[in-house]
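Me: I am new to this structure and would like to learn how to read its features one at a time. Could we start with the surface and then move inward?

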Amino acid sequence: PLAAEGRAANNVVALARQGGDGRWVVAVATRLAGRLDAPDGDLPAGPSYADTRLALPAEVPNELTDALSGRTVAVTGGWADVDEVLADLPVALLVAP
């Protein structure tokens, strides 16, 4: 599992794996969703994770694409902001381009 830090660190779980071809995949999911603030009773997403980030392995590229939403996610200094990763859905499957 990846380490998370911030206000909602206990509400996210993530794993990273590198395939035999060298490409990275990062799976991210909401955990204990009932404990998060979600606007208008929606599923927890972006704003629910303000100030929360994931530590990624140093080898992960600086840009990943969510295979579920098509959204591009920036990795800065080995960290990804969870509010960006989960901006559209309560889960993400990030892949290296």
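Me: Which residues make the nonpolar surface patch of about 350 Å²?

Reply: In general, patches are made of residues with over 30% relative accessible area and no salt bridge (a side-chain nitrogen of Lys or Arg within 4 Å of a carboxyl oxygen of Asp or Glu), where like charges are joined within 9 Å and nonpolar side chains (Val, Leu, Ile, Met, Phe, Trp, Tyr) within 5 Å. Here the patch is formed by Val25, Leu68, Leu89, Val91 and Leu93. Accessible areas come from the Shrake-Rupley method with a 1.4 Å probe, and for residues only the protein chains shown count as cover. Please keep in mind that this is a predicted model, in which local features need pLDDT of at least 70 and side-chain atom pairs count only at pLDDT 80 or more, while totals for chains, interfaces and linings use all residues. Residues are numbered from 1 along each chain as its sequence is written, and side-chain values use heavy atoms, with hydrogens and water left out.

Me: Where is Leu93 found?

Reply: Strands (E, at least two residues) and helices (H or I, at least four) are DSSP runs, numbered from the N terminus. Leu93 belongs to strand E8, residues 91-95, and is partly exposed, with a relative accessible area of 32%; that term covers values between buried, under 20%, and exposed, over 50%, with a 1.4 Å probe and protein chains only.

Me: Is Thr52 buried or exposed?

Reply: Thr52, which is found in strand E4 (residues 52-55), is buried, with a relative accessible area of 2%. On E4, Thr52 and Leu54 form the covered face, whereas Arg53 and Ala55 form the uncovered one.

Me: What does Thr52 touch?

Reply: Contact means heavy atoms within 4.5 Å. Leaving aside residues up to four places away in sequence, Thr52 touches Glu5, Gly6, Arg7, Ala8, Ala9, Ala80, Asp81, Val82 and Asp83. The Thr52 side chain also reaches the backbone nitrogen of Ala8 at 2.9 Å.

Me: Which strands pair with E4?

Reply: Two strands pair if DSSP finds at least two bridges between them. Strand E1 (residues 4-6) pairs with E4 in the antiparallel sense over 3 bridges, with Glu5 opposite Arg53. Strand E7 (residues 79-81) also pairs with E4 in the antiparallel sense over 3 bridges, and there Arg53 stands opposite Asp81.

Me: How many helices and strands are there in the protein?

Reply: The protein has 1 helix and 8 strands, running β-β-β-β-β-β-β-α-β from the N terminus on. Of its 97 residues, 35% count as buried.

Notes:
Polar contact = N/O pair within 3.5 Å; in protein donor to acceptor, adjacent residues only side chain to side chain.
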